[in-house]
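Student: I am new to this structure and should like a close look at a single part of it. Could you describe that part in a connected account?

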Amino acid sequence: MADSSDIEAKNANGALNVAEPSELPIRRFTREITDAVAINPVTVVIADTGSGKTTQISQMLLAGGLSEDGLIGITQPRRVAAVTVARRVAFEMGCECGTTVGYTIRFEDRCSPDTKIKYLTDGCLIRECLEDPQLRKYSVIVLDEAHERSIDTDILFGLLKQFSRYFDDCPVFQVPGRCFPVDISYLTEAPMSYIE
């Protein structure tokens, strides 16, 4: 199983700064999102930072039985994001990264025949489109962080549009994020060392 020290940051008191997945705002929409994805070629989920969309939607879709006909693929714009999120999701699911949850980035494929959830970069999915334009090994494809427009993201939107000619009347879910209190403290004198 993934080592939580590699994944979770600790605060000054040593407590983990991680919300329980069931407490994340996106989880309130589990049934609605999985039902919409199951019956619609395109579903749009707009969710604020901290809502849990990146780590939870793939798990919700898996629990909803949407991996029976293929992989659940989730794109990330950067390699470090694909690897980190895959490790986090594997940790939450209690499995080794590369088994039920895996990732593919340039020059590295941590997937197996048991993989159900696959995180990959936009560029890797484009490469897979060249080999299989229908992306037959996937049952669901999630374009995460699509607001970070790039050439790869735009190409993927164009390629995936062939599966859904029109985005009109597709379900749209607006999920709020989570706000945390912020304390502002001022020093009364300059510190002797900024490192300590």
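Tutor: Let us begin with a loop: Leu135 is found between α4 (122-131) and β6, where helices (H or I, at least four residues) and strands (E, at least two) are DSSP runs numbered from the N terminus. The model is a predicted one, in which local features need pLDDT of at least 70, side-chain atom pairs count only at pLDDT 80 or more, and totals for chains, interfaces and linings use all residues. Residues are numbered from 1 along each chain as its sequence is written, and side-chain values use heavy atoms, with hydrogens and water left out.

The phi of Leu135 is near 50 degrees, a positive value in a residue other than glycine. Most residues other than glycine have a negative phi. Leu135 counts as buried, at 4% relative accessibility; buried means under 20% relative accessible area, exposed over 50%, and partly exposed in between, with a 1.4 Å probe and protein chains only.

A second loop, between β3 and β4 (108-110), holds Phe107. Phe107 also has a positive phi, near 75 degrees, but this residue is exposed, with a relative accessible area of 77%.

The strand β6 (138-143), which follows the loop of Leu135, is among the elements that each supply at least two residues of the largest nonpolar core, which has 25 residues. Such a core is a set of buried Ala, Val, Leu, Ile, Met, Phe, Trp, Tyr and Cys residues joined through side-chain atoms within 4.5 Å. The helix α3 (79-93) gives the most to this core, with 6 residues.
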